[in-house]
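Work through the three exercises below with the structure in view. Try each task before reading its solution.

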Amino acid sequence: MELTGAQALIKSLEAQGVEVVFGLPGGAILPVYDPIIDSSIRHVLVRHEQGAGHAAEGYAQVTGRAGVAMVTSGPGATNIVTALANAMMDSTPLVVVTGQVATTAIGTDAFQEVDTTGITMGVTKHNWLVTDPADIAQVVAEAFHVATTGRPGPVLIDFPKDVANARVAYEEPGPVELPGYRPPAAADPAAVEAAARLVLEAERPVVYAGGGLVKAGAAEALRAFVELTGIPVVSTLMARGVLDEADERFLGMPGMHGSYTAVTALQRADLLLAFGARFDDRVTGRLDAFAPAAKVVHVEVDRAEIDKVRRADVAVHADARAALEALTAALRRLGGSELPGASRRRLGPWMGQLNEWKERFPLTYEREGDGAAPAAGTVKPQQVVEELRRLTPDDTVLVSGVGQHQMWAAQFWQFRHPRQWVNSGGLGTMGFAVPAAVGAKVGRPDAMVWAVDGDGCFQMTAQELVTASAERIPVKVAILNNAYLGMVRQWQHMFYEERYSEVYLSPNLPDYVGWAEAMGCVGLRVSSPEEVAPAIEKANDIDDRPVVIDFRTDSMEQVFPMVPAGASNDDIVVHPSQSGLGR
Amino acid sequence: MSALAVGEDGARHHVVVVRVENKAGVLARIAGLFSRRGFNIFSLAVAPTHDPRFSRISVVVDLESTRLDQVLAQLEKLVNVVEIRELHPADATEAELCLVTVRAPGTRPSLDGALAAAGARVVEDAGETLTAVLAGAPLELDAFEAALARFDIVELQRTGRVALPKLAPALRGAD
Ligand SMILES: Cc1ncc(C[n+]2csc(CCOP(=O)(O)OP(=O)(O)O)c2C)c(N)n1
Ligand SMILES: [Mg+2]
């Protein structure tokens, strides 16, 4: 079948099962936009290419499939670099197609030419410049394979205009054969058995569950492991929901703003079961003081993560799900029929200690009706998150930006399932929430999608609500409007003697309600605690357009607990109301 | 620089030999990886292998400042990297080439002596100025550089070392 290169590209995307592309056209990618008209693929026209990238990430995070974005050369390509970097850090599978000037013009500083493959080399798992139209189908097949297998990540296909315009005999791609790309095979049985022996000896074990478990579809394997061993679990920011957080063995989130119990459990553990986690500095705090007494079992699909930060006593280099299933099977074999009961008895004192910490140091804030009630009339941001959680279905997808609001969202939401929580972990990209929510809603049209966003973040990418209105993608956005770049303000409060430099934003400028309405959304404003629940209920009832609620929250509120940057996790600062409680 | 690469015990560097697909941008991927991860290298030499689908890149890694396990693991993640071999100096046959242009006004006989002693070959001779070439083990090249230091070196260019594993005893035969 003879096609244009552009048609071959679209046909190749269809062959990969792509159902939606987020993008925005321009000169170099123009030929590819013509066959989109006739394609079964839905195209969502974003208002900024960064939004296309984050929307594709949101889609990928909730569905587990590769998100696809398409943009033009030059500024279109550079605008999507942030999203590529974000996806690289969070191991999100993306396939980004960028237009490029004709191969004959490459290197001449042609209009809208940039070295896209060069610029994106460090922020993609791999990228391709297509120079021969005969390669199109094969390159697309390779791109999806690389993006979605092993440790997932973003890839980019740079697509010159003359390649798009050329005529080519389209052939189905053959099997992908990349001699230098080999995701790990099955787990080494000897390593699995060594890990099992450590599990059977441990007295204070903790599962340190990372985002790799979500990517590997290992939630069920983790549950089976926990059922058998009774070992408690902390879930990182990227792993939230991988264990049902209503489970009594869930200890919370570790890290800089993690719960006291989760942070301290890692510190006191004698065995860390790091499953699909990478010992991020936001989790370890000062590295030489992290979990000093613990042996480490590291299950990891990316060999470069093993021993990168913390040396593993036993490393299992494999897909996390396969490895966990093998580990559970080995434990059944080695631990005998006695295992669940015996290990529960052995872990008794440890569980007792953990439960005591849970009781003494729960996440807290000044609640209405508490001894330490907030000043009358102030809306606490944590109250908004708690009320949102209470009033939304269990399968709601929660998306967040980056800052204090992100940490409150993570702290005060209980996730029951994986892929319900969409956020920017490794890169910490302000402006992620709105476009990612749009993509998440496209991926999960049946689920309610709420974004908890900051006023600063919202101003970076709010225009994607125009996309949402135009494309009838009814997302809901709760702005925790504290009139500040709050997280930066918190650091200036704590570490710069309250010298506030360039962090004030104003609660009224812009007028978020007016702005929301101008973008085709319903805009609501909440200024007092008793308005919180009714506004959320009203938003929940609107399903034909996006909703934005401008919650005027307490500007002074800080995120606790906090492990100051560079400090040991032992020096965790708890909420002021708990600081006299001793440890 | 080269002197450091060898060191007294010859063990402060390792040669990492990377077989890569001969695709556009491969060298940039390797170089980019080294700079992004802060890996320090002494030299890097690259050329196609006898099989034109592949090139071989020899990277001399500074083990004082760089973790070899990370270098290997991160390199392995590059899609175009097909095979990696890490060679301890004791297990490697290493070679390097040096081109040098020297001015020797009035000292030509002693320069000729130094060249001959090192086994260098004169490839261009303009009387007072000449260009010589020497190929050999990196240590020999270091000694050669030192021997020429008392002359007027106009330019000197070394290639960076390339390496292959030493033959296993079985292959070495009677030895
Ligand atoms: C693109 C980008 N620029 C700057 C930062 C640094 N930064 C981290 S949090 C933050 C403040 C975010 O403000 P806001 O969205 O209002 O959230 P808040 O902390 O007030 O909840 C800033 C500036 C960042 N993470 N991303
Ligand atoms: Mg703010």
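## Exercise 1: The second largest pocket

Task: Sort the lining of the second largest pocket into nonpolar, polar and charged residues.

Solution. This is a predicted model.

- Step 1. Sort the lining residues by type: 16 are nonpolar, eleven polar and 14 charged.
- Step 2. Count the whole lining, which has 41 residues.
- Step 3. Look towards the pocket's centre. Arg151(A), Asp302(A), Arg37(B), Gln74(B) and Lys77(B) lie nearest to it.
- Step 4. Find the elements that give two or more residues. They are α5 (81–89) of chain A, and α2 (26–36) and α3 (68–77) of chain B.
- Step 5. Pick the main contributor. α3(B) supplies the largest share, five residues.
- Step 6. Note the volume: about 1,100 Å³.

## Exercise 2: The magnesium ion

Task: Name the protein donors of the magnesium ion (ligand 2), and explain what the pair Asp455(A) and Asn482(A) ties together.

Solution.

- Step 1. List the donors: Asp455(A) through OD, Asn482(A) through OD1 and Tyr484(A) through O. They lie 2.0 to 2.1 Å from the ion.
- Step 2. Read their spacing in sequence: D-x26-N-x1-Y.
- Step 3. Place the pair. Asp455(A) sits in helix α19 (residues 455–461) of chain A, and Asn482(A) in the loop between β18 (476–481) and α21 (486–495), so the two tie together parts 27 residues apart in sequence.
- Step 4. Check burial. Asp455(A) and Asn482(A) are both buried.

## Exercise 3: Chain B

Task: Describe the secondary structure and the contacts of chain B.

Solution.

- Step 1. Count elements: six helices and nine strands.
- Step 2. Take the contacts in chain B with a separation of 6 or more. Residues 24 or more positions apart account for 74% of them.
- Step 3. Add burial: 42% of the 175 residues in chain B are buried.

Note on methods. Residues numbered from 1 in each chain as written. Chains lettered and ligands numbered in written order. Predicted model: local features only at pLDDT ≥ 70, side-chain atom pairs only at ≥ 80, totals over all residues. Heavy atoms only, no water. 1 Å grid on protein atoms, 1.4 Å probe; cavity = no way out; pocket = protein on both sides within 12 Å on 5 of 7 lines; lining within 4 Å. Points joined across faces, edges and corners; volume = space filled by probe spheres on them. Helix = DSSP H or I, 4+ residues; strand = E, 2+ residues; numbered from the N terminus. Nonpolar A, V, L, I, M, F, W, Y, C, P; charged D, E, K, R; others polar. Donors = N, O, S within 2.8 Å, 3.2 Å for Na, K, Ca; no water. Buried < 20%, exposed > 50% of the residue type's maximum accessible area, 1.4 Å probe, protein only. Contact = heavy atoms within 4.5 Å.
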